[in-house]
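Ready for some practice in reading a protein structure? Work through each exercise with the picture open, and try each task before you look at its solution.

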Amino acid sequence: MKLTLKIWRQKNAKDAGRFETYDLPDVNHHMSFLEMLDVLNEKLIKEGKDPVAFDSDCREGICGTCGFVIDGRPHGPLRATTVCQLHMRHFKDGDVIVCEPFRAKAFPVIRDLVVDRASFDKIIQAGGFISASAGSAPEANSILVPKPSQETAMDAAACIGCGACVASCPNAAAMLFAGAKIMHLGTLPQGQPERMDRAAKMVEEMDKQGFGYCTNAKECIDACPKEIPFEAIVRMNRDYIKATLARVERAGGGGPG
Ligand code: SF4
Ligand code: FES
């Protein structure tokens, strides 16, 4: 099939950037979206032009590396699907497809469709972990995990850190991402000792990194390729409030009411 691509080209964070148009006359509908971009890049290289920069690694929806906006939607038109798992059979002959990077202050553009998501790493470093003694692995049954807790934790652990939630949010909030980590670790017995502290530190780091606040637009839920539920944000807010009240108490204040 014949496609026209309008792709955002930007040399670096300081460059103003602009859309450039490319025609691909013979796209195989079995190709993945990224393979289609590979074909475009081979063509551009042969013509002595700069290839389009985009991120990818696993190309099977598990690493979270890929991700840009296709026709106004992070990861493209298919629900619960990463860019790397999107195939050209979902487009039709003659389509004009617009590709641009995730737009958020906390995700500066590195080049073309590639953004810097180090701000997510900073949120994880602030509290997205459990502290455990190093050494030999503990006996598997020494800490029993109730099945409902295990299922909730695993659903939340499906987050691949792609950033589509931020890109889709009118406030560029990272609350679904941070909420997923807080729900994952905060549901397991091993995550309890640092639970409140974790929520407080991760929320504060989100602010520091320049992400916005959730105003219940819920665009993130539609954009998330791993279908992380809104409950993650609710749980995060609950733990954050508890952490704040505990801090007030420790400081000798009476707290609200
Ligand atoms: S919550 Fe969903 S959209 Fe956000 S980073 Fe995780 S997987 Fe990506
Ligand atoms: S390349 Fe790993 S999720 Fe897309």
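**Exercise 1. Strand β1 and its neighbours**

Task: Decide whether β1 is largely enclosed or not, using how many of its residues are buried.

Solution. This is a predicted model, so please read every value as computed from it.

Step 1. Count the buried residues: in β1, six of the seven qualify, so the strand is largely enclosed by the rest of the structure.

Step 2. Look at the partner β2: it runs antiparallel to β1, and seven bridges join the two. As a checkpoint, find Ile7, which stands opposite Glu20 in β2.

Step 3. Turn to β5, which pairs with β1 in the parallel sense over four bridges. Here Thr4 is the residue to find, opposite Val96 in β5.

**Exercise 2. The order of the sheet**

Task: Work out in which order the strands form the open sheet, and which are the edge strands.

Solution. Step 1. Remember the background: strands of a sheet pair through backbone hydrogen bonds, either parallel or antiparallel.

Step 2. Add the pairing of β3 (residues 69–70) with β5 (residues 96–100), which is antiparallel over two bridges. Val69 has Glu100 as its bridge partner in β5.

Step 3. Write down the order: the five strands run β2-β1-β5-β3-β4 in an open sheet with mixed pairing.

Step 4. Name the edges: β2 (18–24) and β4 (73–74) each pair on one side only.

**Exercise 3. Aromatic pairs**

Task: Classify the ring pair Trp8 and Phe19 as stacked, tilted or edge-to-face.

Solution. Step 1. A search of the whole structure finds seven aromatic pairs. In the pair of Trp8 and Phe19, the ring centres are 5.0 Å apart and the planes meet at 80°.

Step 2. Planes over 60 degrees apart count as edge-to-face, so the 80° of Trp8 and Phe19 makes theirs an edge-to-face pair.

Step 3. Place the partners: Trp8 is in strand β1 (residues 3–9) and Phe19 in strand β2, eleven residues apart. Trp8 is buried at 12% relative accessible area, whereas Phe19, at 38%, is partly exposed.

Step 4. Try the same reasoning on Phe107 and Phe120: with centres 5.3 Å apart and planes at 75°, this pair is edge-to-face too. Phe107 sits in the loop between β5 and β6 (109–111) and Phe120 in helix α2, so the pair ties together parts 13 residues apart in sequence. Both Phe107 and Phe120 are buried, and they form one aromatic cluster with Phe177 and Phe211.

**Exercise 4. The largest nonpolar core**

Task: Find which element gives the most residues to the largest nonpolar core.

Solution. Step 1. The largest core has 42 residues; among those that touch the most other members are Phe107, Phe120, Val166 and Phe211.

Step 2. List the elements that give two or more residues, including α2 (118–127), α4 (164–168), α5 (175–187) and α8 (231–250). The winner is α5, with seven residues.

Step 3. Zoom in on Val166: its contacts include Phe107, Phe120, Ala172 and Phe211.

Step 4. Do not stop at one core: a second, separate one of 27 residues includes Leu5, Trp8, Met31 and Leu113.

**Exercise 5. Around ligand 1**

Task: Describe what kind of residues make up the shell around ligand 1.

Solution. Step 1. Of the 13 residues around the ligand, Cys159, Cys162, Gly163, Cys165 and Cys224 come nearest.

Step 2. Sort the shell: eleven residues are nonpolar, two are polar and none is charged.

Step 3. Trace their origin: α4 and α5 each supply at least two of the shell residues.

Notes:
Residues numbered from 1 in each chain as written. Chains lettered and ligands numbered in written order. Predicted model: local features only at pLDDT ≥ 70, side-chain atom pairs only at ≥ 80, totals over all residues. Heavy atoms only, no water. Core = buried A, V, L, I, M, F, W, Y, C linked by side-chain atoms within 4.5 Å. Buried < 20%, exposed > 50% of the residue type's maximum accessible area, 1.4 Å probe, protein only. Contact = heavy atoms within 4.5 Å. Pairing = 2+ DSSP bridges. Near = heavy atom within 4 Å. Nonpolar A, V, L, I, M, F, W, Y, C, P; charged D, E, K, R; others polar. Phe/Tyr/Trp six-rings, centres within 6.5 Å; stacked < 30°, edge-to-face > 60°. Lists of a residue's contacts leave out its neighbours within four places in sequence.
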